[in-house]
Amino acid sequence: MGSAVQPEREGRKLGVCSLCAKPSTSTICEQCEARIRGELLDEKQRVEKAGHTPRV
Ligand SMILES: [Zn+2]
């Protein structure tokens with residue numbers, strides 16, 4: 001048994017981030033959410049760039 005993680009608290013359930021497994025009130029903590037958003041934006045830009053067909 002290593003570090004004891006107690007996701008359940010008295011009265012209120014405390015979830016953990018599904019990405020970094022850190023205690024978070026949401027499924028994904030703010031840090032990971034921001035990171036995902038950034039990646040999505042980056043990916044979207046890539047897709048748009050890649051999908052951009054040059055005029056012939
Ligand atoms: Zn996280």
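Here are three short exercises with worked solutions on the structure above.

The model is predicted: local features need pLDDT of at least 70, side-chain atom pairs count only at pLDDT 80 or more, and totals for chains, interfaces and linings use all residues. Residues are numbered from 1 along each chain as its sequence is written.

**Exercise 1. Helix length**

Find out how the expected span of helix 1 compares with the separation of its end C-alpha atoms.

Solution. Start with the inventory: the chain has 1 helix and 0 strands, where helices (H or I, at least four residues) and strands (E, at least two) are DSSP runs, numbered from the N terminus. Next, take the rule that the expected span is 1.5 Å times one less than the number of residues. For the 22 residues of helix 1 (residues 30-51), this gives 32 Å. Finally, compare: the end C-alpha atoms are 31 Å apart, which agrees.

**Exercise 2. Burial**

Decide whether helix 1 lies largely in the open.

Solution. Set the cut-offs on other C-beta atoms within 10 Å of a residue's own, with C-beta atoms placed from the backbone: buried means 20 or more, exposed 12 or fewer, and partly exposed in between. Then count: of the 22 residues of helix 1, the number buried is 0, so the helix does lie largely in the open. For the whole chain of 56 residues, 4% count as buried.

**Exercise 3. Before the helix**

Describe Leu 14, Gly 15 and Ala 21 in the segment before helix 1.

Solution. Begin with Leu 14, which is exposed, with 12 other C-beta atoms within 10 Å; its C-alpha atom is 8.4 Å from that of Ser 26, 12 residues apart along the chain. Move to Gly 15, partly exposed with 14 such atoms; its C-alpha atom and that of Thr 25, 10 residues apart along the chain, are separated by 5.6 Å. End with Ala 21, which has a positive phi of about 60° although it is not a glycine. Most residues other than glycine have a negative phi.
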